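Subject: Structure handover

Hello,

Here is the structure for your files. My notes come after it.

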Amino acid sequence: MKWLARIALLLAIVALPLYSWFITTSEGPEGAWPIDMVEVRMLAQSLPGDLPTDVRVEQVASFAVPAQAIVAGAGWQNRGMAIYAYQLVFPHGTGVIDTGITETQAKNDMRSTDWNGAAFKRIQDAVVNSGFTVLTHEHADHLSGLSTHPDPEKAFAHALLTPEQIANRKGQAPHPLSDRAISLVKPLSYDTYTALAPGVVLIKMPGHSLGSQLVYVKRFDGIELLFLGDVAWQMRNVDEVRERPRLVTLILNEDRAKVLQQLQTLNDLKKSDPALVQIPGHDPEVVEALIAKGVLHKEFVTAAKEPAPTGGASP
Ligand SMILES: [Zn+2]
């Protein structure tokens, strides 16, 4: 028994700090990530043409993970996550933000039991007919509707990926862009912000992945939305300025210091700009509430073919 007790004690001395470091604790941010919302709002008005009239959402799959995989120290009880894609509807066209996940990845990697083939098909149809398709980042649960598209020529005709997203082949696993796709896709180079379409601005935000960016949208009715991608998986990350556990950071190979600064900025923005609707990457509570309030509508619509007259991407 003495030996057993000694081994147990030794394990506790070694294992408890490791458990705490990798799973349950998260450091605070060192400063904040700069966002100039005056500049972003100016850019949103800089292109001629009508602002989006509607924002629609497809839920491709849902799954559950321990809460503390999302927020360090949040406990082992399960918490719902979901995979989304969004469609911006303009009077004369549409745009797509993120493109969902394949059935194989949803089932194998996420243990999802409700992958929605009809939703995935609507997304793949939409990217063919959209004026633009952009990604919040290049991870496969946002990219795969494009990277596995049965008709890459049509799918990539209006896809605008950043050079950082295109180059991060490792981050695109298990459904990376093929060489054919890379030859078809139009790289969208910009430094900090760029106006994409009337009311739509991209905000560069590397950290969670090399090609992460936020998408700001201002609608014709004045409602402003900010798609966070996976800078924050859920609103709790923003509200508590608390990152995923260090173990998840290691697995994802993210720049934790940058993500923490970005969470601080989003938290500040939530306080200074409460009307700006922040939409985390995988938060069913937030998305369901926005659907209930009529801010988002379920299911993509068939895109209008008529291109909009814009200076940037044609929605
Ligand atoms: Zn994701």
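The notes below go from the whole chain to the zinc site and then to one helix.

Please keep in mind that this is a predicted model.

Overall fold

The protein chain contains 13 helices and 12 strands. Its radius of gyration is 20 Å, which agrees with the value near 20 Å that a compact globule of 315 residues would have. The C-alpha trace spans about 80 × 45 × 35 Å along the principal axes. Of the 315 residues, 54% count as buried. If one takes the contacts between residues at least 6 apart in sequence, 72% of them join residues at least 24 apart.

Zinc site

Four residues supply the protein donors of the zinc ion: Asp141 and Asp230 through OD, His142 and His282 through NE2. These donors lie 2.0 to 2.1 Å from the metal. The spacing of the donor residues in sequence is D-H-x87-D-x51-H. The angles among the four donor atoms run from 93 to 160°, and the site is irregular. It is not classed as tetrahedral because that would require all angles to lie between 85 and 135 degrees, and the range here reaches 160°.

Two of the donor residues have accessibility values to report. Asp141 has 8% relative accessibility and His142 has 2%, so both count as buried, the cut-off being under 20%.

Helix H13

Helix H13 covers residues 284-292, and its buried residues are Pro284, Val286, Val287, Leu290 and Ile291. Viewed down the helix axis, these fall within an arc of 165°, so they line one face of H13. The general background is that an α-helix has 3.6 residues a turn, so residues three or four places apart point the same way. Glu285 and Ala292 are exposed on the other side of H13.

What covers the buried residues of H13? The cover includes four strands, S1 (54-66), S2 (78-90), S11 (277-280) and S12 (297-298), together with helix H10 (235-240).

The N-terminal end of H13 is capped by Asp283, which has a side-chain oxygen 3.2 Å from the backbone nitrogen of Glu285. Glu285 thus appears twice in these notes, as an exposed residue of H13 and as the backbone partner in the cap. Just after the helix, Gly294 takes a positive phi of about 80°.

Regards

Definitions and conventions:
Residues are numbered from 1 along each chain as its sequence is written. This is a predicted model: local features need pLDDT of at least 70, side-chain atom pairs count only at pLDDT 80 or more; totals for chains, interfaces and linings use all residues. Side-chain values use heavy atoms; hydrogens and water are left out. Donors are N, O and S atoms within 2.8 Å of the metal (3.2 Å for Na, K and Ca); water is not among the atoms, so sites may look incomplete. Four donors count as tetrahedral if all angles lie between 85 and 135 degrees; four count as square planar and six as octahedral if opposite donors are over 155 degrees apart and all others between 65 and 115; anything else is irregular. Buried means under 20% relative accessible area, exposed over 50%, partly exposed in between (1.4 Å probe, protein chains only). Helices (H or I, at least four residues) and strands (E, at least two) are DSSP runs, numbered from the N terminus. The arc is that of the directions from the helix axis to the C-beta atoms. Contact means heavy atoms within 4.5 Å. A polar contact is a pair of N or O atoms within 3.5 Å; within protein, one must be able to donate a hydrogen and the other to accept it, and residues adjacent in sequence count only if both atoms are side-chain atoms. The radius of gyration is taken over C-alpha atoms; the globule rule is 2.2 Å times the number of residues to the power 0.38.
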